[in-house]
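User: Could you take me through this structure? I would like to know what the terms behind each statement mean.

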Amino acid sequence: QTCKIEDHFGDHNNLKKLNDFLEGKSKHKHLFIYYQRPDVPNDLGEFVDAKGEPKVMITTGEHEDVRIKSRAVYFLRNVPDQKA
């Protein structure tokens, strides 16, 4: 299980969001990390769970197509921008 989580954190998009947040390069002061199946649209255009294994997802919450369906961990940044 640990290996799967490490693989998801190593995903380019997730790693960039995390690094930008930690380095103060993100325009957002918050970050959500959660573990769930991704959403896919069905025939009616409604978002439903994708088939397959859940994965670690990282978001700032700005995309409407990404919804947190259960528990998540959030981080708040309270240091000046561009400071690590």
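User: What makes 60% the share of contacts that join residues at least 24 apart in the protein?

Analyst: A contact means heavy atoms within 4.5 Å. Among such contacts between residues at least 6 apart in sequence, 60% join residues at least 24 apart. Do keep in mind that this is a predicted model, where local features need pLDDT of at least 70, side-chain atom pairs count only at pLDDT 80 or more, and totals for chains, interfaces and linings use all residues. Residues are numbered from 1 along each chain as its sequence is written, and side-chain values use heavy atoms, with hydrogens and water left out.

User: How do you know which helices and strands the protein has?

Analyst: Helices are DSSP runs of H or I with at least four residues, and strands are runs of E with at least two, numbered from the N terminus. By that rule there are two helices and five strands, in the order α-α-β-β-β-β-β.

User: Why are Leu18, Phe21, Leu31, Ile33, Val56 and Ile58 called a nonpolar core?

Analyst: A nonpolar core is a set of buried Ala, Val, Leu, Ile, Met, Phe, Trp, Tyr and Cys residues joined through side-chain atoms within 4.5 Å. Buried means under 20% relative accessible area (1.4 Å probe, protein chains only). These six residues meet both conditions, so they form a core, the largest one here. Helix 2 (12–23), strand 1 (30–36) and strand 4 (55–59) each give two or more residues to this core.

User: What does Phe21 touch beyond its sequence neighbours?

Analyst: Leaving out residues up to four places away, its partners include His28, Leu31 and Phe75.

Definitions and conventions:
Buried means under 20% relative accessible area, exposed over 50%, partly exposed in between (1.4 Å probe, protein chains only).
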